[in-house]
Amino acid sequence: MLDFKKQLTPDTTLIVWKMDEDLDQLAAQTSLDAIANFDQLSPKRKKEKAFVNSLLQQQLPDARIDYEEGGRPFLPNYPGTSISISHTGNFACLLISKQYRKIGVDIEKNNTAKVLRVRHKFMTDEEVALHPTADEGTDALLAWTTKEALFKLADPPHYDFIEGFRITASTMNGNEGSSLVRDLMDDTTYEVRHWLTPDYALTLCLHG
C-alpha cells in the first residue's frame, strides 16, 4: 500500500510503500526475475527486494537493479538515472532521479529509545546541542537518518559518522524540516530534507 509519494522535482521521485501484500500477491503484479539470487535470500530480504523492485518497475517498467563493488545500487540500463534504497520494519523506500547524480535516502523506524543508546557513536556534543525538535530521542533519530543518507551519497562512503560528517544546523517545522551537513573529508556542505511520521523518520539528500 502506498504510504507516501512526493514529486521532489519533475525528474525526482520519492516513494514510501507499506509492505502489506505478501510475496505471492506481489509476484502476480510484477516480475521478480530481475532480482539476482532471489531464491537464496532470507524471507525478510526477499520481501524487501521484491517491494523495491515493484516500486522501481512502476516508474521504469524495464529497469533492473545492480550493485557496485561497494554496495551502491545503480540501473545498468538507465545510466543517467540515480537511485537510493532504504527499508525499515514494514516500510520500503525508493528515491529515483534523472536530474541529480548523487542522491541518498534513509528511513528508520521511530524507535527513539534504541537510537539514544548508541547516540555517542554518531553524534558530537555540538550536534546533540542543536535541538531541531523538543525531544532528544527524535533529534538523535533525525541525526542518524541524516548521516545514513549522506553515507549512501558520499563517494567513497565514510564509515565513521563522527569523523565523516558534521551536522551544523537543523530545524523542524511540524513533521518536515532540513539540516545542513558538512562532509569533513572534502569540505562540501549538503542540505538534507526530513519527514517525520508516527511510524518512521525519513531523510534524503540530492546533489550534483
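In which sense do β7 and β11 pair, and over how many bridges? In this predicted model, the two strands run antiparallel to each other and are joined over eight bridges. Within this pairing, D106 is the residue that stands opposite T203 of β11. Strand β7, which spans residues 102-109, is mostly covered, with seven of its eight residues buried.

**Nonpolar cores**

The largest nonpolar core comprises 20 residues, and those with the most contacts inside it are F122, L150, F165, V181 and C205. Several secondary-structure elements, listed below, each supply at least two residues of this core.

| Element | Residue range | Supply to the core |
|---|---|---|
| α5 | residues 136-153 | at least two residues |
| β8 | residues 165-173 | at least two residues |
| β10 | residues 188-196 | at least two residues |
| β11 | residues 200-207 | at least two residues |

Helix α5 provides the largest share of this core, namely six residues. If residues up to four places away in sequence are left aside, L150 touches F165, V181, Y190, V192 and C205. Separate from this core there is a second one of 16 residues, which includes I15, V52, L56 and I65.

**Aromatic pairs**

Where ring centres must lie within 6.5 Å to form a pair, the count comes to seven aromatic pairs. Ring pairs also link F122, W144, F151, Y159, F161 and F165 into a cluster. Two members of this cluster, F122 and F165, are also listed among the residues with the most contacts inside the largest nonpolar core.

Notes:
Residues numbered from 1 in each chain as written. Predicted model: local features only at pLDDT ≥ 70, side-chain atom pairs only at ≥ 80, totals over all residues. Heavy atoms only, no water. Phe/Tyr/Trp six-rings, centres within 6.5 Å; stacked < 30°, edge-to-face > 60°. Core = buried A, V, L, I, M, F, W, Y, C linked by side-chain atoms within 4.5 Å. Buried < 20%, exposed > 50% of the residue type's maximum accessible area, 1.4 Å probe, protein only. Helix = DSSP H or I, 4+ residues; strand = E, 2+ residues; numbered from the N terminus. Contact = heavy atoms within 4.5 Å. Pairing = 2+ DSSP bridges.
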